[in-house]
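Good morning, everyone, and thank you for making room for me. I would like to walk you slowly through one model, and I suggest you keep it open while I talk.

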Amino acid sequence: MSPLPACARGTLPWLGGALLLAAVVAILGLQRARLARELSELPAAERRALYERTLETLGTACLHARGGEVADYCRQQADFLTRFPECDAPCRDLAARFAPRPSR
């Protein structure tokens, strides 16, 4: 059996990394799709109540979060809120205030 050519040896790590990245992206996509499906399957009144509670939390308690676990919770809630079909432009604007900021 002959060894791999030099060009193939350099390509294999990149190919492995690309496959790993594709798998992670696929898993995250499936999780997002499942959450969207579960939200759409909730009875409308329950979904609306959950949406309004989450929106209220972001608009009150989360506005004063400065860091740590409370800020992490608020980021998660903002992401969750954007999954609701009821989340309109003002909702998305509010949620965007909690998006992670790039570090310098």
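Let me begin with a definition: the rings of Phe, Tyr and Trp, with the six-membered ring taken for Trp, count as a pair if their centres lie within 6.5 Å. Please keep in mind throughout that this is a predicted model. With that definition in hand, the structure holds two aromatic pairs.

One of them is formed by Tyr51 and Phe84, whose ring centres are 5.6 Å apart and whose planes make an angle of 55°, so that the pair is classed as tilted. This pair links distant parts of the chain, since Tyr51 sits in helix α2, residues 44-59, while Phe84 belongs to the loop between α3 and α4, and 33 residues separate the two. Phe84 also pairs with Phe80, this time edge-to-face, with 5.1 Å from centre to centre and 80° between the planes. Taken together, Tyr51, Phe80 and Phe84 make up one aromatic cluster.

Is Phe84 buried or exposed? Its relative accessibility is 2%, and because buried means under 20%, Phe84 counts as buried. Tyr51, its partner in the tilted pair, is buried as well.

Now let us stay with the loop between α3 (68-81) and α4 (89-96), where we also find Glu86. Which residues does Glu86 touch, if we leave aside its neighbours within four places in sequence? They are Arg47, Arg48 and Tyr51, and you will recognise Tyr51 as a member of the aromatic cluster. Glu86 has a relative accessible area of 17%, which is under the 20% cut-off, and therefore this charged residue is counted as buried.

For a contrast, please look at Arg37, which lies in helix α1, residues 6-41. Its relative accessible area is 44%, and because that value falls between 20% and 50%, Arg37 is described as partly exposed. The C-alpha atom of Arg37 is separated by 9.9 Å from that of Arg83, although the two residues are 46 places apart along the chain.

Finally, I would like to turn to the largest pocket, which has a volume of about 170 Å³. Which residues line this pocket? The lining consists of Cys62, Leu63, Ala65, Arg66, Ala71, Cys74, Arg75, Arg97 and Phe98. If we sort these lining residues by character, six are nonpolar, three are charged and none is polar.

Conventions. Residues numbered from 1 in each chain as written. Predicted model: local features only at pLDDT ≥ 70, side-chain atom pairs only at ≥ 80, totals over all residues. Heavy atoms only, no water. 1 Å grid on protein atoms, 1.4 Å probe; cavity = no way out; pocket = protein on both sides within 12 Å on 5 of 7 lines; lining within 4 Å. Points joined across faces, edges and corners; volume = space filled by probe spheres on them. Helix = DSSP H or I, 4+ residues; strand = E, 2+ residues; numbered from the N terminus. Buried < 20%, exposed > 50% of the residue type's maximum accessible area, 1.4 Å probe, protein only. Contact = heavy atoms within 4.5 Å. Phe/Tyr/Trp six-rings, centres within 6.5 Å; stacked < 30°, edge-to-face > 60°.
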